[in-house]
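Me: I'd like to go through this one with you and ask why each label is used. Could you set the values against the cut-offs as we go?

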Amino acid sequence: MSDLLQLKNIGKSIEKKLISIGIDSKEKLFEVGSRQAFVDLKQKYPNICLVHLYALEGAILDIELDKLPEKIKDDLKNFSDFLKK
């Protein structure tokens, strides 16, 4: 078990997926960042969605994903939409 489970929004399922892409600690997640982790997850798990990006950002910022400020959510949604193009 990694220390990722100590972070907000990170459960066993997303922990397992993060470990599978080489993110096996909270320090590594902080280093990689939510956007790059999302891109890497999306490549391996195409069904990953925007909520996962919110969860990753919230984990890094120590904020529950449903309490992320609207500005951050908007920026992350724009990023996710850009990846779809």
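Reply: What follows is a run of questions and answers on a predicted model.

Me: Let's start with single residues. Why is Ser80 called buried?

Reply: Ser80 has a relative accessible area of 6%, and buried means under 20%, so Ser80 counts as buried. Ser80 lies in helix H5. Not counting residues up to four places away in sequence, Ser80 touches Phe38, Leu50 and Leu53.

Me: And what makes Asp81 partly exposed?

Reply: Asp81 has 27% relative accessibility. Partly exposed runs between 20% and 50%, so Asp81 belongs there. Asp81 also lies in helix H5. As for distance, the C-alpha atoms of Asp81 and Leu65 are separated by 18 Å, with the two positions 16 residues apart along the chain.

Me: Why does Val51 get the partly exposed label?

Reply: The figure for Val51 is 44% relative accessibility. To be called exposed, a residue has to be over 50%, so Val51 stays in the partly exposed class. Val51 lies in helix H4. From C-alpha to C-alpha, Val51 and Leu65 are 8.0 Å apart in space and 14 residues apart in sequence.

Me: How do you know that Lys42 is partly exposed?

Reply: Check the relative accessible area: Lys42 has 31%. Buried would need under 20% and exposed over 50%, so Lys42 is partly exposed. Lys42 is found in helix H3. Lys42 and Leu83 are 41 residues apart in sequence, and their C-alpha atoms are 9.7 Å apart in space.

Me: Now rings. What makes Lys17 a charge over the face of Tyr45?

Reply: Lys17 is 5.4 Å from the ring centre of Tyr45. The distance limit is within 6 Å, for NZ of Lys or CZ of Arg, so Lys17 meets the distance part of the test. Lying over the face also takes a position within 35 degrees of the ring normal.

Me: Which ring has the charged end of Arg35 over it?

Reply: That's the ring of Phe79, with the charged end of Arg35 5.4 Å from its centre. The limit is within 6 Å, so the distance fits here too. How many aromatic pairs are there, you may ask? Zero.

Me: On to the core. What makes a set of residues a nonpolar core?

Reply: The residues must be buried, nonpolar by the list used, and joined through side-chain atoms within 4.5 Å. The largest such core here has 19 residues, and Ile10, Leu18, Leu29 and Leu56 have the most contacts inside it. Helix H1 (12-20), helix H3 (34-44), helix H4 (50-61) and helix H5 (70-84) each supply at least two residues of this core. Nonpolar side chains tend to be buried together in soluble globular proteins.

Me: Which residues is Leu56 in contact with?

Reply: Setting aside neighbours within four places in sequence, Leu56 is in contact with Ile10, Ile14, Leu18, Leu29, Ser34, Ala37, Phe38 and Leu41. In H3, buried residues include Ser34, Ala37, Phe38 and Leu41, along with Val39. Their cover includes H1, helix H2 (26-32), H4 and H5.

Me: What describes the packing of H3 and H4?

Reply: Two packed helices are described by the angle between their axes and the distance between the axes. For H3 and H4 the angle is about 145°, and the axes are 9 Å apart. The contact is made by Ser34, Arg35, Ala37, Phe38 and Leu41 of H3 and Leu50, Leu53, Leu56, Glu57 and Ile60 of H4. H3 passes H4 in a right-handed crossing.

Me: At what angle do the axes of H3 and H5 cross?

Reply: Roughly 35°, with the axes coming within 12 Å. This crossing is right-handed. Ser34, Arg35, Phe38 and Val39 in H3 meet Asp75, Leu76, Phe79, Ser80 and Leu83 in H5.

Me: Last one, on backbone angles. What is notable about phi of Asn9?

Reply: Phi of Asn9 is near 75°, a positive value in a residue other than glycine. Asn9 is in the segment before H1. Asp62 has a positive phi as well, near 60°, and is likewise not glycine. Asp62 lies in the loop between H4 and H5.

Note on methods:
Residues numbered from 1 in each chain as written. Predicted model: local features only at pLDDT ≥ 70, side-chain atom pairs only at ≥ 80, totals over all residues. Heavy atoms only, no water. Phe/Tyr/Trp six-rings, centres within 6.5 Å; stacked < 30°, edge-to-face > 60°. Buried < 20%, exposed > 50% of the residue type's maximum accessible area, 1.4 Å probe, protein only. Helix = DSSP H or I, 4+ residues; strand = E, 2+ residues; numbered from the N terminus. Contact = heavy atoms within 4.5 Å. Axes fitted to C-alpha atoms, helices over the stretch in contact; angles between N-to-C directions. Left-handed = near helix turned anticlockwise from the far one by under 90°.
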